[in-house]
Each structure stands twice: as C-alpha cells, then as structure tokens.
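User: Please take a close look at one part of the surface of this model, and then relate that part to the rest of the chain.

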Amino acid sequence: MQMSPLAFVQCIGYAWASGELERALVHKGPGLEGWSQKSATVLLLNGIIAFLLNIVNLTANRKNGPLTMTVAANVTSTTVLLVMYLFHLTITPANSIGIALMLAGGAWYGALEYEEKKNRLRMV
C-alpha cells in the first residue's frame with residue numbers, strides 16, 4: 001500500500017503532461033455533469049477490475065517464483081501478438097516498444113532473481 005499513492009500521483013502527472021486530463025474535461029465536462037450513468041458505471045467497473053487484477057498479480061508473485069512469472073509474462077506477450085495477428089490489429093511503434101520493454105524487464109527480473117537465489121544457496 002506504500003506505493004499506491006505514489007503511483008496515483010505519477011499517473012495524474014502523466015495524464016496532465018500528455019493533455020489527457022484536458023481532453024477528458026472537454027469530452028465530459030467538469031465534475032460528473034457530462035457523465036451518463038452508463039459511462040460512470042463502466043469507469044467504476046474498470047477500476048474495480050484493475051484493482052482485482054493487481055491483487056491477483058501480487059498474490060501470484062508471492063506464491064510463485066520469478067521463473068514462473070517470467071514464463072507467464074512471455075505467454076501473455078505471445079497471446080497479445082497472436083490476437084493482433086488474428087484480428088488484423090495494427091502494431092504501432094508505441095505497442096512495439098511496450099512489448100519489447102515488457103519482455104526485457106521480465107527477462108532482467110528473472111535473471112536477477114535467479115542470481116540472487118544462486119547466491120543464497122552458495123551461502124548455505
């Protein structure tokens with residue numbers, strides 16, 4: 001829970017810097033005046049699902065090893081690429097960079113965890 005407020009501030013900062021907040025205000029108006037009940041419900045459900053996904057992810061990280069999580073991340077990336085191919089979705093440069101960063105980060109994390117585990121076993 002210590003990182004959540006920082007992540008919130010960071011997301012709001014990025015949304016402001018990219019102009020997303022202004023676009024949202026123009027689209028829906030200030031406050032909840034321009035929001036329909038359906039829009040507010042969809043947004044609320046999206047937030048709840050994202051929160052639950054984070055809980056599942058953190059629980060999986062705690063119960064499984066880094067190798068399992070790295071394999072799962074790579075399977076996810078492969079699935080995303082397969083879906084993009086099957087439904088003829090375009091892959092923008094931003095998508096490519098994001099996928100590459102996710103794969104590189106997962107591999108880096110797995111390598112660091114493996115080295116740490118190896119060093120712990122060496123000490124015992």
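Analyst:
**The nonpolar patch and its setting**

Seven residues, Leu44, Leu45, Ile48, Ile49, Phe51, Leu52 and Ile55, make up a nonpolar patch on the surface, and their accessible area together is about 680 Å². A patch is built from residues with over 30% relative accessible area and no salt bridge; like charges are joined within 9 Å, and nonpolar side chains (Val, Leu, Ile, Met, Phe, Trp, Tyr) within 5 Å. Accessible areas were computed by the Shrake-Rupley method with a 1.4 Å probe, and for residues only the protein chains shown count as cover.

The model is predicted: local features need pLDDT of at least 70 and side-chain atom pairs count only at pLDDT 80 or more, while totals for chains, interfaces and linings use all residues. Residues are numbered from 1 along each chain as its sequence is written, and side-chain values use heavy atoms, with hydrogens and water left out.

Within the patch, leucine 52 can be placed: it belongs to helix α3, which covers residues 37–63. Leucine 52 has a relative accessible area of 45%, so it counts as partly exposed (buried is under 20%, exposed is over 50%, and partly exposed lies in between, with a 1.4 Å probe and protein chains only).

Next, the chain as a whole. It has five helices and zero strands, in the order α-α-α-α-α from the N terminus. Both kinds of element are DSSP runs numbered from the N terminus, helices being H or I over at least four residues and strands E over at least two. Of the 124 residues in the chain, 9% are buried. The chain exposes about 10,600 Å², and 72% of that area comes from carbon and sulfur atoms.

Helix α3 also takes part in the largest pocket, where α1 (3–18), α2 (20–28) and α3 each supply at least two lining residues. A pocket is an open set of points on a 1 Å grid over the protein atoms alone, with protein on both sides within 12 Å along at least five of seven lines, and lining residues have an atom within 4 Å of a point. The volume of the largest pocket is about 400 Å³, counted as the space filled by probe spheres set on the points, which are joined across faces, edges and corners. Its lining consists of Ser4, Ala7, Phe8, Cys11, Ile12, Ala15, Glu20, Leu21, Leu43, Asn46, Gly47 and Ala50. The largest share of that lining comes from α1, with six residues. By class, the lining has eight nonpolar residues, three polar and one charged (nonpolar: Ala, Val, Leu, Ile, Met, Phe, Trp, Tyr, Cys and Pro; charged: Asp, Glu, Lys and Arg; polar: the others, Gly among them).

Further along the chain, histidine 88 sits in the loop between α4 (66–86) and α5. Histidine 88 is not a glycine, yet its phi is positive, at about 55°. With 71% relative accessibility, this histidine is exposed.

Two alanines of helix α5 can be paired with residues earlier in the sequence. Alanine 107 is in α5 and is partly exposed at 45% relative accessibility. Its C-alpha is 9.4 Å from that of alanine 73, and the two are 34 residues apart along the chain. Alanine 111 is likewise in helix α5, partly exposed at 42%. Alanine 111 and leucine 67 have their C-alpha atoms 8.7 Å apart, with their positions 44 residues apart in sequence.

The structure holds two salt bridges, a salt bridge being a side-chain nitrogen of Lys or Arg within 4 Å of a carboxyl oxygen of Asp or Glu. One joins glutamate 115 and lysine 118, with N to O at 3.5 Å. Both residues lie in α5 (93–123), three residues apart, about one turn of the helix. Glutamate 115 is partly exposed at 37% relative accessibility, as is lysine 118 at 32%. In the other, arginine 120 pairs with glutamate 116, and the closest N and O atoms are 3.9 Å apart. These two are four residues apart in helix α5, so about one helical turn separates them. Arginine 120 is partly exposed at 45% relative accessibility, and glutamate 116 is partly exposed at 40%.

Terms used: 1 Å grid on protein atoms, 1.4 Å probe; cavity = no way out; pocket = protein on both sides within 12 Å on 5 of 7 lines; lining within 4 Å.
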